[in-house]
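Visitor: Could you walk me through this protein, one question at a time?

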Amino acid sequence: MLNLLITHATLPDGRTDMSIAVQDGRIVEVTAGLDAPAHEKLDAQGLLVAPHFIDPHFHMDATLSYGLPRVNQSGTLLEGIALWGELKPLLTAEALIERALAYCDWAVAKGLLAIRSHVDTSDTSLLAVDALLEVKRRVSPYLDLQLVAFPQDGVLRSRGGVANLKRALDKGVDAVGGIPHFERTMADGAASVKLLCELAAERGLPVDMHCDESDDPLSRHIETLAFETQRLGLQGRVTGSHCTSMHSMDNYYVSKLLPLIAEAGVSVVANPLINITLQGRHDSYPKRRGMTRVPELMRQGVNVAFGHDCVMDPWYGMGSGDMLEVAHMGLHVAQMTSQSGIRQCFDAVTVNAAKVFGLRGYGLEAGCDASFVLLQARDPVEAIRLRATRLKVYRKGRLLAETPAATASLHLADRPAATAWMHPKH
Ligand code: FE2
């Protein structure tokens with residue numbers, strides 16, 4: 001007898017009336033109209049079942065610290081970095097762990113079951129590294145947390161930057177990060193990319209760098225990152241995060257750059273909520289959006305995913321761990337409003353993010369982990385439009401979270417009582 005059978009599900013690819021059979025934490029069959037004995041049966045009633053959400057870019061060491069010790073007045077990236085510098089000496093491992101665990105609870109409730117988090121390695125104590133390694137251990141029964149060694153103050157710019165980052169990797173951090181645009185000079189930025197890619201190659205680790213998070217069209221570290229990826233044979237293991245300067249680059253240069261990124265197999269992560277908030281802050285009008293060139297990268301065959309980046313921290317006071325909100329902002333900023341564009345934005349927080357993460361067993365096919373979400377929506381487009389309620393969240397066949405359906409009860413004069421959940425009838 002099956003452990004779990006889901007019936008009458010709609011899948012993200014548009015197939016309807018699908019059954020998903022689960023045994024021992026894995027999907028054993030996905031087929032139309034299957035009925036079989038099972039310990040638990042769930043009738044999806046035509047609603048969407050999707051693989052769980054993945055956040056490929058987050059900062060869990062800073063999350064839920066909004067207002068500590070003060071709020072970012074200018075709203076800029078640089079004041080955020082300065083503010084994080086003020087907060088760091090005040091951090092305790094206990095408080096950091098408590099905030100991170102609270103965020104992971106939010107994430108699970110939203111069907112977000114895998115998070116790649118950068119962790120600041122600039123501080124010699126490596127307090128945040130130890131704390132997030134502990135969080136990773138504690139959440140492992142219900143959430144995949146991957147950590148990137150992130151030298152927030154610049155691996156070359158800060159004293160002991162290289163040594164601290166290596167110590168973080170020695171402790172078990174999963175990937176090598178960087179921040180070349182924050183180094184003192186363009187030359188130092190390029191040198192940091194080379195050094196960090198060589199370190200990753202030596203240790204067999206993935207690379208995920210904050211790359212060109214700037215409005216400066218001459219910030220071109222993504223070019224160096226793609227070049228080093230090819231030189232060192234790191235194809236498929238490297239991600240450039242943010243890449244906002246690409247928004248402002250000369251079109252001719254971009255026409256040369258995009259094929260280089262595609263050839264190198266470098267993934268790009270845009271962070272729509274943060275990019276639209278932090279970029280263009282030095283502009284008057286017109287004010288640049290600042291997000292990287294998402295549809296153009298996708299058309300070139302580059303794997304593009306969307307990250308949340310920040311939730312209630314020195315850079316951003318909003319957010320709730322909802323990757324549909326991220327996709328919603330992404331499609332607006334990138335003007336990806338066609339049906340296929342919206343679906344691509346859904347992919348950006350699911351399958352594309354899984355490629356960045358290198359997550360095994362992800363998807364809705366026989367043999368994949370039974371880790372999926374039942375959404376109060378008929379398809380991915382409606383899921384994004386409504387930031388749909390996650391009715392049920394499963395991981396490896398186990399129910400982790402449930403949220404009641406969002407349905408308004410209407411009490412309108414001279415009309416019978418009615419309910420609505422913003423779904424058109426036709
Ligand atoms: Fe970031």
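Below, a visitor asks and a guide answers.

Guide: A heads-up before we start: this is a predicted model, where local features need pLDDT of at least 70 and side-chain atom pairs count only at pLDDT 80 or more, while totals for chains, interfaces and linings use all residues. Residues are numbered from 1 along each chain as its sequence is written, and side-chain values use heavy atoms, with hydrogens and water left out.

Visitor: Which protein donors does the iron ion have?
Guide: Donors are N, O and S atoms within 2.8 Å of the metal (3.2 Å for Na, K and Ca), and sites may look incomplete because water is not among the atoms. Here they lie 2.2 to 2.4 Å from the iron ion. They are His57 (NE2), His59 (NE2), His210 (NE2) and Asp309 (OD).

Visitor: What counts as the geometry of that iron site?
Guide: Four donors are tetrahedral if all angles lie between 85 and 135 degrees; four are square planar and six octahedral if opposite donors are over 155 degrees apart and all others between 65 and 115; anything else is irregular. Around the iron ion, the angles among the four donor atoms run from 84 to 174 degrees. That makes the site irregular.

Visitor: How many residues apart in sequence are the parts that histidine 59 and histidine 210 tie together?
Guide: Strands (E, at least two residues) and helices (H or I, at least four) are DSSP runs, numbered from the N terminus. Histidine 59 lies in the loop between β6 (53-58) and α1 (77-87), whereas histidine 210 is in strand β10 (residues 207-211). So the parts they tie together are apart by 151 residues.

Visitor: Is phenylalanine 58 buried or exposed?
Guide: Buried means under 20% relative accessible area, exposed over 50%, and partly exposed in between (1.4 Å probe, protein chains only). Phenylalanine 58 has 0% relative accessibility, so it counts as buried.

Visitor: What kind of aromatic pair do phenylalanine 58 and tyrosine 103 form?
Guide: Rings of Phe, Tyr and Trp (its six-membered ring) pair if their centres lie within 6.5 Å; planes under 30 degrees apart are stacked, over 60 edge-to-face, the rest tilted. For phenylalanine 58 and tyrosine 103, the centres are 4.5 Å apart with 15 degrees between the planes. The pair is stacked.

Visitor: And where does arginine 395 sit?
Guide: Arginine 395 is buried, with a relative accessible area of 9%. Its contacts (heavy atoms within 4.5 Å) beyond four places in sequence include Tyr142 and Asp144. Its place is in strand β15 (residues 390-395).
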